[in-house]
Amino acid sequence: MDQARSTISKIFNGEPHSYTRFNLTQNMEGDNSQVEMKLSSDMDEEAGGNGVGEHLNHNSNNKRSTTQKFGHTPKNLCFMAAATLLIFIIGYLIGYLVHRNKDVAPVCSASVLPSGSGSVFRETGAAPLMDWDDVKKLFAQKLTAATLTPVLSAFASENHRAGSPGDEDLGNKVLRKFTEYGMNSWTDEHFVKVQEPPATGYNSFTFKGDREERPMGFLSYSGTGTVKGSVLYGFYGEETDFRSLRGNNINLNGRVMLVRAGKISFAEKVANAAKMNASAVLIYPDLENYSFDENTPLFGHVHMGSGDPYTPGFPSFNHTQFPPVQSSGLPKILAQTITKRMAMNILKQLGGQSLPEGWRGYHNLGNESDTITVKVNNVLTEKRINNVFGVIKGFVDADRYVVIGAQRDAWGPGFAASTVGTSVLVELARSILDMVKNEGFKPRRSIVFASFSAGEYGSVGATEWLEGYLSSLSMKAFTYINLDGIVTGQKGFKVAASPLMHSLIASTLNEVKSTRDKSLFMEFAQGNWETNVLEALKIDNAAFPFLAFSGIPSISFRFVGDYPDYMYFNTMLDTRERLNVATASQVPELAEVAGRFAGQIALRLVHDHLLRMDVTKYDKMIRSHVAQINGKVKAVQRSQPQLLPKALTVQWLISASGSFSRASRGLASDVQNSDLEDVEMCRLINDRMMSVERNFLSPYVSPRESPFRHILLGSGPHTLKALSAHLDALRASIPEADVDLFRNQFALATWTVQGCANSLAGDIWSLDNEI
């Protein structure tokens, strides 16, 4: 372009006088985007003098008008021929430039989001050389059930517990596949501490002097030793369950809690019991949620966190010279799984009060005479694990990347837990790389494919990688897509994700077809995807540390069956045969749909000029929390004015919320007015979007004490949800409530919101300093 303009400039013996500005705007309100073209020429102003005519007049002393007619002299005919040739050359160069611009200019494709998603028609700046519709069609041809079937068989394994030879063998298979495809690949080695059942000896319990029971299952990271106490039935072990017991004047101190598996993680059940000063927790699979054999053991972990709990906040690389330290999420009390048969034997003999209203169980809760002795003798061991990676590099912003990951290990066969996800991961890598190598697809940004180990111990491999490269990943990785447990049934489809990704998820649900040849949106959303498809991201999900620990927008999804959770997870029964029963033998077909859902989200994020992220979702969430906190503060001030003086105001938090609202609207305006051909401008806007999740991580808490620092979606006293719960505790005069602690956390949360708003606003002169 510059060379062509220079040529025109030389022809006219001066600087070029015309310019063209294309402004491609992305309308966030849903209107069709406009293409504005301005043509300006100083030559029009020179038509009355110093124009082309004067350049053709060699008599400098004669001031003839440029409109004077030329005679048909040989000299004039030569001038006319020269002028004609000049006009031809100019026309040719302009035609060349226009043709060249059409070749290199991005094609802007339209996307219609589904009804009910809150979004309408909008223009998306597609990547050069390939329209988004062409990308979708091409990807659908590459990833099929037929190509997935042999891969599912190749990666099936009966024994691949983290750090075992089977796990290492699978890791080498993934690495060989990445190398075979021609990808840049590498491994990430860690030495992690995990708790295993005793190699010699056993865990056990004895109820009311009966024969000793020795369960085969275990819970890694449990406290160890022997305790004796009275059994107390605690339903699912949720906080509300334990408060209900306390509300019935039942003493929980020193009790051994017997709770059902399900609803919340094993770690949360144990943490809730520890808060009530219980001495141990026994967890069993109840018939209501688990229909398998009564002697089937359960496996899991009880670390209230993720990663190696003996290197909290930093990676478990070999020879790291750190003093001995433990995560605050390690429980001090004993925890053990027992079988359904063992639990029923205890429940039948319990005395004490009847079950609270709404509880389901056997008959009674248990009394002081229902004594039990529990022994846990787990041993701490060190294991070497390997994470395996491959990357497809982007053509514009290669240092920005989306990460697609799956755990590779399992307690037993782990077909649904890890085999399906690993197989889809490998096939996604092959399909997308084939599009790049052979079909002309050029992603703007990079895609990293990650196979993680030690997922069953609490996303250990994934979290250690995050801890090892946190400063880089939090700045460069803009999305994590989790493939763990993506196929567990065929009757529903669930998605858990950062609010930033909700609009992208809605459009992808509408674009991807299910096994019944209807869109996922039409089949499972039933008109309202946020109600029927969207769910909360749980603490035991591998995507959770990416979001709440590292501040990377994340998504996890799954096909589900009759039960909310797949009953064979955390057992030795997670086999291909049982998954075939749960899916009517459609595992490859469902894996194909799941792979296309994950792949299209990734491709959209690396294809468009601007990231498809919607900050207005967080704006609504913040305003909802602020309104709730404001109402509760006023309620406490009315009922117990001595606790919260009138001087305590929520105005600062309201102002911070307003700052975020204005900053999010400002970003939307910048997106709308952006020039998609301006690479640097797109990069700056994308970086502002990427900073949102990261800036919701509270800078005022330690990753060791509160690893999930996200104030909206994390866990701990620093979150806005915890502030609201703290106000409830103050109003109810619960002993654990602390006014000074509340006021401190309230102030820090306020400034975290304001800091996020400041970052989102962009340049420092755009900041709102009214707070």
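Search this whole structure, which is a predicted model, and you come away with 29 aromatic pairs. Take Trp411 and Tyr457 as one of them: their ring centres sit 4.9 Å from each other and the planes make an angle of 65°, an edge-to-face arrangement. Where does the chain put these two rings? Trp411 belongs to the loop between β15 (397-407) and α11 (415-438), while Tyr457 belongs to the loop between β16 (445-452) and α12 (460-468), so the contact ties together parts that are 46 residues apart in sequence.

Are these two rings buried or exposed? Trp411 has a relative accessible area of 3%, under the 20% cut-off, so it counts as buried. Tyr457 comes out at 0%, so it is buried as well.

Now move along to Phe493 and Phe557. This aromatic pair is tilted, with 6.0 Å from centre to centre and 35° between the planes. Here the partners come from strands: Phe493 from β18 (residues 492-497) and Phe557 from β19 (residues 554-560), so the pair links distant parts of the chain, 64 residues apart. Both of these Phe residues are buried too.

Rings can also join up beyond a single pair. Trp186, Phe389, Phe452, Trp465, Tyr480 and Phe546 are linked by ring pairs into a cluster.

For a change of scene, head to the surface. Lys634, Arg638, Lys646 and Arg731 make up a positive patch there. Arg731 is part of helix α23 (residues 720-731). With a relative accessible area of 49%, Arg731 is classed as partly exposed, because the exposed class needs over 50%.

Notes
Residues numbered from 1 in each chain as written. Predicted model: local features only at pLDDT ≥ 70, side-chain atom pairs only at ≥ 80, totals over all residues. Heavy atoms only, no water. Patch = residues over 30% accessible without salt bridge, like charges linked within 9 Å, V, L, I, M, F, W, Y side chains within 5 Å. Areas by Shrake-Rupley, 256 points an atom, 1.4 Å probe, with all protein chains shown as cover. Salt bridge = Lys/Arg side-chain N within 4 Å of Asp/Glu carboxyl O. Lys, Arg positive; Asp, Glu negative; His and termini not counted. Charge placed at Lys NZ, Arg CZ, Asp CG, Glu CD. Helix = DSSP H or I, 4+ residues; strand = E, 2+ residues; numbered from the N terminus. Buried < 20%, exposed > 50% of the residue type's maximum accessible area, 1.4 Å probe, protein only. Phe/Tyr/Trp six-rings, centres within 6.5 Å; stacked < 30°, edge-to-face > 60°.
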